[in-house]
Structure formats: structure tokens, C-alpha cells
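Hi,

Here is the model I promised to pass on. Have a look at it first, and then read my notes underneath.

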Amino acid sequence: MNDAAPSTRVASLIDPPTLMRIKSLQLRAKIVVQGFLSGLHRSPHHGFSVEFSEYRQYTAGDDLRYLDWKLFARSDRYYIKRYEDETNLRCHLLVDLSKSMGYGSIGYTKVEYARTAAATLAYFLSTQRDAAGLVTFDQEIADYLPARYRPGHLRRLMLCLERATAGTRTDLAAPLEQIAITVRKRGMIVLISDLLAPIDLLQNQLGYLRSQGHEVVILRVLDPAEIEFKFDKAAMFEDMESGRNLYIDPVAARAQYLEKFNKHAEEVKRICSDLGVDYYQLPTSQPLELALFDFVQARVRSGRQVSRATNRAAR
């Protein structure tokens with residue numbers, strides 16, 4: 001379900017360990033977004049970049065004050081930036097801060113990667129004049145910011161993310177249920193989590209969100225060690241959720257671990273497919289530009305579906 005990103009691969013992608021060394025979360029997000037937009041504008045796939053960026057080609061009679069000369073310099077084409085009184089999208093970013101998100105085998109944790117991904121999406125949304133909101137949670141909601149587009153809101157959102165740290169065990173039920181009750185206006189919900197939760201619970205809560213009319217996107221953040229389980233020495237392993245310590249020989253346990261892990265992953269994908277939820281798996285070693293591409297792809301697809309539904313209703 002995670003399509004390749006041909007138009008971003010032509011640009012030089014930012015190495016995640018290098019990115020994580022930047023202290024400012026907003027600066028990280030700005031670097032990723034600017035690199036991503038620059039890569040798309042240089043790519044031959046102009047239609048895609050124009051569609052999500054809210055540009056349209058210039059036509060005779062358009063007000064020349066709204067020509068984007070910088071984009072013209074890069075693409076040798078005339079585009080008009082569209083400005084609207086209302087924001088185009090209301091998006092809530094749900095960031096999992098459970099204890100399991102505190103794991104990291106490559107110099108930084110899943111929660112650090114998730115915070116950076118959320119910051120990147122929020123920064124990108126602000127460049128599109130879209131409304132971004134934030135929910136951070138573990139067993140319960142830690143911070144909630146409603147989706148808004150106004151001066152100062154992005155900074156508040158970044159401050160919430162900067163103080164977000166891995167907490168206690170995961171409970172997806174309560175936060176997702178509260179979001180479904182609190183967020184009345186239809187929009188997009190982006191869940192950034194490792195999804196280490198029971199399958200039936202996940203199905204019920206995602207189904208509830210979809211029943212409220214929200215578009216739902218899942219960005220599943222996983223450490224490469226969790227995906228590949230390439231440990232080679234027997235050692236004590238700590239269950240990040242329960243705190244239990246288990247002595248495990250990884251060579252002997254690898255096959256069984258991978259079987260259960262992959263079965264769980266396939267069940268998650270099946271649920272998402274059945275409910276019409278966009279699902280993307282994000283190893284923490286993957287450049288954030290690709291995560292942004294996945295989000296934009298889901299947004300464009302959502303926009304096309306809304307457009308088709310509107311056209312049908314107008315007939």
C-alpha cells in the first residue's frame with residue numbers, strides 16, 4: 001500500500017540521523033518541506049506538484065499580481081497561486097507517545113521520528129493555508145490543539161511537539177474515541193503510531209472515525225530492528241509496554257517473532273483496506289521527504305474523491 005515516490009527520489013534526500021541532530025523541530029520541518037517542494041518543482045511530474053500545491057496554470061485575464069515568479073524561474077511555466085477565504089483542509093495530527101515509542105536502535109527513538117514527521121506535516125499544511133491540529137497521547141490525551149490556520153498557531157503546535165516525550169503504555173481506544181467526539185467538522189485524521197495495540201481495538205476505533213466522515217491516514221512508525229529483528233546475541237529484552245524483562249535467544253526466536261509481527265502487520269493492512277484508510281509504514285531510517293510524499297499522495301487522492309462525489313451530487 002506504500003507506493004514509491006519517483007518524483008522525490010530525483011532530489012537529494014536528507015539523511016534522518018543528520019536531520020535529528022538539528023535541535024529546533026520547526027527548523028527540521030522547514031528543511032524537509034523546502035527540499036521536498038524543490039524536488040517536486042524540478043521533477044517532470046508538474047501535474048502532481050501543481051495539484052497539491054494549490055496552484056493552477058495562468059490563463060488570459062488572470063490578475064498578474066498573483067503570478068508566482070519564483071515557480072516560473074524554476075519551471076519556466078506560469079502559475080497562479082490560489083488564495084481562499086476558507087482553508088482547504090482541516091487536519092488533526094495524532095501522535096502516539098506510548099512507552100513503546102521510546103525505543104530506538106539507530107541513535108534516536110521512534111517518538112523523536114514521529115514528532116519530526118508531525119512537525120513536517122504541520123509545517124507543510126501551513127504553507128498550503130490549511131488548518132492543522134494536534135493530539136498527543138499515551139493512555140490518555142496529553143495535549144490537544146484544535147485545527148486552525150492563523151498567526152502563531154504553528155508555533156504553539158511546535159512547542160507542544162517539542163515537549164512531547166514517550167510516556168506510559170498505549171491505549172488507542174480513549175484518545176481516538178475522544179477525537180471522534182470532539183472533532184465535529186469533517187476533515188483528515190493522521191495517526192502517527194507504532195500501532196502496538198490489539199487488532200480488534202484498532203478496527204473498532206478506526207471504524208468509528210470513518211463513520212464520522214473523516215478521511216484517515218495511518219503513518220506506522222517502526223524501528224528497523226523491530227522490522228528485521230537482526231539481533232544475534234542472547235540477552236535480556238524489555239517489553240516497552242509492560243516493563244517485563246525476558247531472556248531471549250534472538251536466533252532461536254527470530255522466525256516466531258517475524259511470523260507474529262508480519263501477521264499483525266497484514267491484519268492492520270487488511271483493516272485499513274476494508275475501512276478505506278490510507279496506510280503507510282515508515283521505518284525510522286527512511287527520509288522524512290518520503291513520509292511527506294505519502295501524506296500528499298493521500299491528500300490528493302482524498303481531494304479527487306471529494307471532487308467526484310460533489311460532481312455526482314450536482315448531476
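In which helix is Leu-290 found? The answer is α12, the helix made of residues 288-314. Keep in mind throughout that this is a predicted model. Leu-290 counts as buried, because its relative accessibility is 9%. There is also a long-range neighbour to look at: the C-alpha atoms of Leu-290 and Phe-36 are 8.7 Å apart, although 254 residues separate the two along the chain.

Now the overall picture. The chain has 12 helices and 10 strands, and 48% of its 315 residues count as buried. If you take the contacts with a separation of 6 or more, 75% of them are between residues 24 or more positions apart.

On to the sheet. It is an open one with six strands, ordered β5-β4-β3-β6-β7-β10, and the pairing is mixed. β5 (141-148) and β10 (278-283) are the edge strands, each pairing on one side only. On average, neighbouring strands in this sheet are turned by 15° against each other, ignoring direction.

Going in from the β5 edge, β4 (residues 131-137) pairs with β5 in the antiparallel sense, over five bridges. Thr-136 has Asp-143 of β5 as its bridge partner. β4 also pairs with β3, this time in the parallel sense and over seven bridges. There, Asp-96 has Phe-137 of β4 as its bridge partner. As for β3 itself, six of its seven residues are buried, so this strand is largely enclosed by the rest of the structure.

Two of the helices that lie across the sheet are worth a look. Helix α7 (residues 153-162) lies across β3 (90-96), β4 and β5, and runs at about 160° to β5. Helix α11 (residues 250-275) lies across β7 (215-222) and β10, at about 165° to β7.

Next, the helix pairs. The axes of α6 and α7 cross at roughly 175° and come within 10 Å. That angle makes α6 roughly antiparallel to α7. On the α6 side the contact is made by Arg-115, Ala-118, Ala-119, Ala-122, Tyr-123 and Ser-126, and on the α7 side by Leu-154, Leu-157, Met-158, Leu-161 and Glu-162. By class, that is eight nonpolar residues, one polar and two charged.

The other pair is α8 (residues 173-182) with α9 (residues 199-211), which pack at an angle of about 10° with their axes 9 Å apart. α8 is therefore roughly parallel to α9. From α8, the contact takes in Ala-173, Leu-176, Glu-177, Ile-179, Ala-180 and Ile-181; from α9 it takes in Leu-201, Gln-205, Tyr-208 and Leu-209. Here the classes come to eight nonpolar, one polar and one charged.

What about the nonpolar cores? The largest one has 52 residues, and Val-190, Ile-192 and Phe-295 touch the most other members. Helix α6 (residues 110-127) gives the most to this core, with 11 residues. A second, separate core has 23 residues, including Val-135, Ala-180, Val-216 and Ile-271.

Ile-192 is a good place to centre your view. Setting aside neighbours within four places in sequence, Ile-192 is in contact with Leu-94, Val-95, Asp-96, Ala-114, Ala-117, Ala-118, Leu-219 and Val-221. Two of these names have come up already: Asp-96 is the bridge partner of Phe-137 in β4, and Ala-118 is part of the contact between α6 and α7.

Last, a couple of backbone oddities. Most residues other than glycine have a negative phi. Leu-195, however, has a phi near 55°, a positive value in a residue other than glycine. Leu-195 is found in the loop between β6 (188-193) and α9, and counts as buried because its relative accessible area is 1%. Phe-229 is not a glycine either, yet has a positive phi of about 50°. This residue is in the loop between α10 (224-228) and β8 (235-238). With a relative accessibility of 7%, Phe-229 also counts as buried.

Over to you!

Terms used:
Residues are numbered from 1 along each chain as its sequence is written. This is a predicted model: local features need pLDDT of at least 70, side-chain atom pairs count only at pLDDT 80 or more; totals for chains, interfaces and linings use all residues. Side-chain values use heavy atoms; hydrogens and water are left out. Two strands pair if DSSP finds at least two bridges between them. Helices (H or I, at least four residues) and strands (E, at least two) are DSSP runs, numbered from the N terminus. Axes are lines fitted to C-alpha atoms, for helices over the stretch in contact, and angles run from 0 to 180 degrees between N-to-C directions. Contact means heavy atoms within 4.5 Å. Buried means under 20% relative accessible area, exposed over 50%, partly exposed in between (1.4 Å probe, protein chains only). Angles under 35 degrees count as roughly parallel, over 145 as roughly antiparallel, 65 to 115 as roughly perpendicular and the rest as oblique. Ala, Val, Leu, Ile, Met, Phe, Trp, Tyr, Cys and Pro count as nonpolar, Asp, Glu, Lys and Arg as charged, and the others, Gly among them, as polar. A nonpolar core is a set of buried Ala, Val, Leu, Ile, Met, Phe, Trp, Tyr and Cys residues joined through side-chain atoms within 4.5 Å.
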